[in-house]
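Colleague: I'm new to reading protein models. Could you walk me through this one?

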Amino acid sequence: MNVAYVATTASIEEAPLGADRPDRLDRPDRSCRPDRPDNPVAGLADELVDHRFKALPPDAQGLTVGALAAERRNLFTGGFTTPVLALSAESVEHNLALLETYAERHGLAFAPHGKTSMSPQLFARQLEYGAWGITAAVPHQARVYRAYGIQRIFLANELVDAAALRWIAGELDADPDFHFICYVDSERGVELMNEALRTTGATRPVDVVVELGAGEGARTGVRTDAECAAVADAVAATGTLRLVGVAGYEAEVPDASGERVREWVRRLVALAVTFDRAGRFAALADGERIVISAGGSAWFDAVADVLAEIPELSAPVLRLLRSGAYVSHDDGHYRHLTPFNRVPDEGALQPAFRLWAQVVSRPSAEQAFLNAGKRDAAYDLDLPEAQVVRSGRDGAVRPATGLSVSRLSDQHTWLRTEPGAELEVGDWVKMGLSHPCTSFDKWQLIPLVTADGTVTDYIRTFF
């Protein structure tokens with residue numbers, strides 16, 4: 001792996017969170033150390049380049065990823081095959097810095113959702129840029145996180161799988177510095193968790209937050225305050241679980257708008273206040289924090305506004321934001337939804353994905369076909385957007401004027417070409433993508449590319 005990049009993406013391991021550290025649930029992890037010989041992220045550089053990885057140069061077969069990165073090949077002239085997905089090194093860096101600044105400005109802790117990229121290298125960068133921990137959605141993701149040293153995991157989902165709970169219990173018992181939180185939203189769910197943890201003989205309780213549903217017809221979560229209290233009582237009766245806060249996902253608010261989202265977040269805060277006054281967080285030790293968590297990638301401005309108004313509680317509060325799509329942003333769904341459109345003075349995210357495909361057929365003046373398709377590009381929310389053409393003759397770059405994507409087949413992009421559009425077989429076309437979560441998951445190794453086309457590293461994903 002490129003030495004310059006390893007120096008910024010090294011160990012995710014955190015300094016011990018001992019009982020004498022009153023800030024242990026609030027302090028961001030800034031302890032990435034590039035000199036650790038057992039650093040699991042650095043070990044990704046030792047993986048061999050072979051047929052598993054799309055688009056990598058055929059003549060790189062047998063090299064390690066680190067050796068290939070050290071060659072600093074050019075994406076366009078270095079032997080890469082098309083289609084090839086790349087990430088802009090400058091845009092990724094910009095986005096990491098922007099969310100760190102935003103979180104600090106608004107007094108938020110930040111646990112970005114790792115399901116977006118499933119990349120330990122990007123997790124390491126997020127932690128270096130002030131993240132408190134990494135959010136997961138399912139047990140497999142948590143296992144990947146632990147394999148690469150993540151010490152704080154917020155699982156934003158219910159967890160009633162007995163096998164997964166046994167694994168979590170084993171991780172907690174084996175590592176006193178590992179901190180794990182997950183949702184609960186039903187008495188039956190609490191019963192199943194308790195049964196699994198008691199059977200496995202867990203010695204540390206699993207920390208949980210009651211998930212408040214976003215409304216009738218929304219996704220998971222408890223619907224009423226009375227049901228929330230019943231779930232909290234069920235947790236208190238177990239001995240294997242410990243209630244540490246409340247959480248939810250505001251994007252599921254029906255007919256979401258800024259005011260509707262703020263109204264729901266105020267309800268979430270009010271639930272935390274009610275729980276606190278009832279002594280439901282009494283199990284927290286001195287110095288530990290009450291967790292109040294929300295915040296996807298579409299409404300974190302509204303979340304930040306309301307979380308800034310939390311009244312004083314019996315313990316300090318961990319205001320935990322969980323947005324994940326920001327690291328790559330996009331040219332579609334989140335370009336339209338990002339809160340930075342509403343608060344432009346706070347900055348702007350930059351789309352980092354570039355999918356390069358080649359014109360393989362130009363059967364008519366109105367039509368052309370590229371060699372990328374559904375196997376390569378996200379298409380669940382928006383079709384790719386043609387942005388730039390790079391001449392197959394001389395490498396000259398021009399805007400993709402008069403070109404638009406009309407549909408995708410498994411391995412082809414259908415381009416509609418307006419009269420006079422300049423395009424021929426052999427040209428490369430750069431497309432912007434929508435929805436990062438379904439872009440990352442199609443590629444196991446993604447070139448990280450600077451503006452001049454130099455590939456400085458390769459981002460490994462684990463879906």
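Modeller: Sure, let's begin with the surface. The protein's accessible surface is about 18,200 Å², and carbon and sulfur atoms hold 50% of that; such areas come from the Shrake-Rupley method with a 1.4 Å probe, and for residues only the protein chains shown count as cover. This is a predicted model, where local features need pLDDT of at least 70, side-chain atom pairs count only at pLDDT 80 or more, and totals for chains, interfaces and linings use all residues. Numbering starts from 1 along each chain as its sequence is written, and side-chain values use heavy atoms, leaving out hydrogens and water.

Colleague: What share of the 463 residues counts as buried?

Modeller: Buried means under 20% relative accessible area, exposed over 50%, partly exposed in between (1.4 Å probe, protein chains only). Here, 57% of the 463 residues are buried.

Colleague: And how do I read one side of a helix against the other?

Modeller: An α-helix has 3.6 residues a turn, so residues three or four places apart point the same way. Now take helix 8, residues 225–236; helices (H or I, at least four residues) and strands (E, at least two) are DSSP runs, numbered from the N terminus. C228, V231, A232, A234 and V235 are buried in helix 8. They cover an arc of only 155 degrees around the axis (using directions from the axis to the C-beta atoms), so they sit on the same side of helix 8.

Colleague: Which residues are exposed on the other side of helix 8?

Modeller: A226 and A236. As for the buried ones, they pack against partners including strand 5 (179–184) and helix 9 (258–277).

How values were computed: The expected span of a helix is 1.5 Å times one less than its number of residues. Contact means heavy atoms within 4.5 Å.
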